[in-house]
Amino acid sequence: MDNFVDPEEKVMCPYNPAHHIMRKRLNTHLVKCKKNYPDTKLVECDFNVIHKIPEPELQYHHENCPDRHKIEISIYQEAGVEINKFPIHNIHVPTDECWDDLNVPTYDPKKYCESKEILRHLDVASAGQRRQFRMEERRRIGQLSNISSMKSDRPMSRASTNSTPGPSNRKDLPETRGHSMAEEAPGEVENLLRRIKSEANQSFRLVKK
Ligand SMILES: [Zn+2]
Ligand SMILES: [Zn+2]
């Protein structure tokens, strides 16, 4: 970018060349510094005659004058310069797809939840009705999980967060292994386990005495 100005760049104060100020702080500095030069001549701004600017500040004001763009726009329009710097290009998007032609039934969330293993929750009902609903949910999900476990081992999804977990949730837990460690331990480990057991029994007997 050509007209980029670094706000951190040090610039010279127009009143006193000994003052070197960061560009972003110059405005504040000028307000204070001009008080030291009360006799400075006031001149008109090129962009708006109402602006009366102390002569040393004129260049700085011209760079930042709020009315500058009004004049510049008319200059650029006369010169035929493209003002729109970031034009939006017309992108061709193919539109062969038409969803209106698809003959698909409307999505019914109630029906969908009923046919899937989604735990539903009844909020606005009497305690008895809610209890009844929970029991029915349990039965429904139990049946569905039986069907799906025959098909595959997909984990169950849940729609409600604050409801009690149904019995079918148990299939999410890792399977417990029915056999003990000693069963698959080779001879040496087996001996070690036997020794630990007998020592434990002995110390237990000692404690009893
Ligand atoms: Zn100054
Ligand atoms: Zn001005």
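Let's start with the whole chain on screen: of the contacts between residues at least 6 apart in sequence, 30% join residues at least 24 apart. Keep in mind as you click around that this is a predicted model.

**Stop 1: the whole chain**

Colour by secondary structure. You should find seven helices and four strands. Walking from the N terminus, the elements come in the order β-β-α-β-β-α-α-α-α-α-α. The chain has 209 residues, and buried ones make up 20% of them.

**Stop 2: the zinc ion, ligand 1**

Now select the zinc ion (ligand 1) and show the side chains around it. Which residues coordinate this ion? They are Cys13 through SG, His19 through ND1, His29 through NE2 and Cys33 through SG, at 2.1 to 2.3 Å. The angles among the four donor atoms run from 99 to 127°, and the site is tetrahedral. In sequence, the donor residues are spaced C-x5-H-x9-H-x3-C.

Next, trace the backbone from one histidine to the other. His19 sits in the loop between β1 (10-12) and β2 (20-22), while His29 belongs to helix α1 (residues 26-33), so this pair ties together parts that are 10 residues apart in sequence.

Switch on the surface and look at the two histidines again. Are they buried, or partly exposed? His19 has 25% relative accessibility, so it counts as partly exposed. His29 has a relative accessible area of 18%, which means it is buried, because the cut-off for buried is under 20%.

Stay with His29 for one more click. Leaving aside neighbours within four places in sequence, His29 is in contact with Cys13, His19 and Ile21.

**Stop 3: the nonpolar core beside it**

Select Val11, Cys13, Tyr15, Ile21, Leu26, Leu30, Cys33 and Tyr60, and show them as spheres. These eight residues form the largest nonpolar core. Helix α1 gives the most to this core, with three residues.

Pick out Leu30 from that set. Not counting residues up to four places away in sequence, Leu30 touches Cys13, Pro14, Tyr15, Glu57 and Tyr60. There is also a second, separate core of five residues, and among them are Val43, Cys45, Leu58 and Cys65.

**Stop 4: the zinc ion, ligand 2**

Move on to the zinc ion (ligand 2). What holds this ion? Its coordinating atoms are SG of Cys45, ND1 of His51, NE2 of His61 and SG of Cys65, at 2.0 to 2.4 Å. Why is the arrangement called tetrahedral? The four donor atoms subtend angles of 103 to 117°, which makes it so. Read along the chain, the donors of ligand 2 follow the spacing C-x5-H-x9-H-x3-C.

Try the backbone trace again, this time between the two cysteines. Cys45 is in the loop between β3 (42-44) and β4 (52-54), and Cys65 is in the loop between α2 (58-64) and α3 (68-79), so the pair ties together parts that are 20 residues apart in sequence. Both Cys45 and Cys65 are buried.

**Stop 5: two stretches from the record**

Select residues 10-37 and then 42-69. UniProt lists these two ranges under "domain: CHHC U11-48K-type", in an unreviewed entry. Residues 10-37 are 29% helix and 21% strand, and the end C-alpha atoms lie 22 Å apart. For residues 42-69 you get 32% helix and 21% strand, with 23 Å between the end C-alpha atoms.

**Stop 6: helix α3**

Click on α3 next. This helix has 12 residues and reaches 17 Å from its first C-alpha to its last, close to the 16 Å expected at 1.5 Å a residue. Gly80 follows α3, and its phi is positive, near 75°.

**Stop 7: helix α5**

Now jump to helix α5, residues 127-151. Its 25 residues reach 36 Å from first C-alpha to last, close to the 36 Å expected at 1.5 Å a residue. Which residues of α5 are buried? Select Phe133, Glu137, Arg140, Ile141, Gly142, Leu144, Ser145 and Ser148. What covers the buried residues of α5 includes α4 (109-115).

Last click: Leu119, in the loop between α4 and α5. Leu119 has 7% relative accessibility, so it counts as buried. Draw a distance from Leu119 to Arg138: they are 19 residues apart in sequence, and 8.5 Å apart in space from C-alpha to C-alpha.

Notes
Residues numbered from 1 in each chain as written. Chains lettered and ligands numbered in written order. Predicted model: local features only at pLDDT ≥ 70, side-chain atom pairs only at ≥ 80, totals over all residues. Heavy atoms only, no water. Donors = N, O, S within 2.8 Å, 3.2 Å for Na, K, Ca; no water. Tetrahedral: all angles 85-135°; square planar, octahedral: opposite > 155°, others 65-115°. Buried < 20%, exposed > 50% of the residue type's maximum accessible area, 1.4 Å probe, protein only. Expected span 1.5 Å × (residues − 1). Contact = heavy atoms within 4.5 Å. UniProt positions renumbered as here; feature names shortened; annotations may be inferred. Core = buried A, V, L, I, M, F, W, Y, C linked by side-chain atoms within 4.5 Å.
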